[in-house]
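Subject: The structure you asked about

Hi there,

Here is the structure I promised to send over. Please have a look at it first, and then read on for my notes.

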Amino acid sequence: MIKPLYDNVLLQKAKPEIKTKSGIILTTNNDDDKSIAKVIAIGKGSLVDGVLQPVEVKPGQLVLYKKYSATEVKYQDEDYLIIASKELLAVVEE
């Protein structure tokens, strides 16, 4: 498992699904990057004036991130993104 350091966050891109009115889920092969990902793991946070500031997101949440700020990583045939928590824009609530 990849464990991010400091205020870094490990993300996995969300796979978009399109659902028809009858409930059938259609998968898309569209490479249109929506910059939405699921938080897999978080670091402990960063020190500010000697005080540990924890990361605000939690594993399992969906987040919006800045498109070109993440580092792509492949680990055990899975694609992940590592990004600084300050580069996250919002939490997606459903």
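Ile42 sits in strand 4, in what is a predicted model. With a relative accessible area of 18%, Ile42 falls under the 20% cut-off and so counts as buried. Leaving out residues up to four places away in sequence, Ile42 touches Lys3, Pro4, Asn8, Val9, Val55, Val57 and Pro59. For Pro59, the C-alpha atom lies 7.0 Å from that of Ile42, although 17 residues separate the two along the chain.

Stepping back to the whole protein, there are 0 helices and 10 strands. From the N terminus on, the elements therefore read β-β-β-β-β-β-β-β-β-β. Of the 94 residues, 24% count as buried. The exposed surface comes to about 7200 Å², and carbon and sulfur atoms supply 51% of that area. Among contacts with a separation of 6 or more, 62% are between residues 24 or more positions apart.

Now to the sheet. An open sheet is formed by 6 strands in the order 8-9-1-4-7-10, with antiparallel pairing. Strand 8 (71-75) and strand 10 stand at the edges with a single partner strand each, so one side of each has no neighbour in the sheet. From one strand to the next, the twist averages 45 degrees.

If you would like to trace the pairings on screen, these are good places to begin:

- Strand 1 (residues 8-13) and strand 4 (residues 36-42) pair in the antiparallel sense over 5 bridges, and Leu10 has Ala41 in strand 4 as a bridge partner.
- Strand 4 and strand 7 also run antiparallel, joined by 3 bridges; here Lys38 has Leu62 in strand 7 as its bridge partner.
- Strand 8 and strand 9 are paired in the antiparallel sense over 5 bridges, with Val73 opposite Tyr80 in strand 9 and Tyr75 bridged to Glu78 in strand 9.

Strand 8 and strand 9 form a hairpin with 2 residues between them, and Gln76 in the turn has a positive phi of about 50 degrees.

That hairpin leads on to the charged pairs. How many salt bridges does a search of the whole structure find? The search gives 2. In general, side chains of opposite charge can pair when their charged atoms come close.

One of the salt bridges is between Asp79 and Lys74, whose closest N and O atoms are 3.5 Å apart. Lys74 belongs to strand 8. Its relative accessibility is 57%, which is over the 50% cut-off, so Lys74 counts as exposed. Asp79 is exposed as well as Lys74. The side chains of Lys74 and Asp79 are also listed as making a polar contact, at 3.5 Å.

The other salt bridge joins Glu87 to Lys66, again with the closest N and O atoms 3.5 Å apart. Why does this pair tie together parts that are 21 residues apart in sequence? Glu87 lies in the loop between strand 9 and strand 10, while Lys66 lies in the loop between strand 7 (62-65) and strand 8, so the salt bridge links those two loops.

Is each partner buried or exposed? Glu87 has a relative accessibility of 18% and therefore counts as buried, whereas Lys66, with a relative accessible area of 37%, is partly exposed.

A few more details on Glu87 may help when you look at that loop, which runs between strand 9 (78-84) and strand 10 (88-92). The side chain of Glu87 makes a polar contact of 3.4 Å with the side chain of Ser69. Setting aside neighbours within four places in sequence, Glu87 is in contact with Tyr65, Lys66 and Ser69. Lys66 thus appears both as a contact of Glu87 and as its salt-bridge partner, and Ser69 both as a contact and as its polar partner.

Have fun looking through it, and write back with any questions.

Best wishes

Key. Residues numbered from 1 in each chain as written. Predicted model: local features only at pLDDT ≥ 70, side-chain atom pairs only at ≥ 80, totals over all residues. Heavy atoms only, no water. Helix = DSSP H or I, 4+ residues; strand = E, 2+ residues; numbered from the N terminus. Polar contact = N/O pair within 3.5 Å; in protein donor to acceptor, adjacent residues only side chain to side chain. Contact = heavy atoms within 4.5 Å. Pairing = 2+ DSSP bridges. Axes fitted to C-alpha atoms, helices over the stretch in contact; angles between N-to-C directions. Salt bridge = Lys/Arg side-chain N within 4 Å of Asp/Glu carboxyl O. Buried < 20%, exposed > 50% of the residue type's maximum accessible area, 1.4 Å probe, protein only. Areas by Shrake-Rupley, 256 points an atom, 1.4 Å probe, with all protein chains shown as cover.
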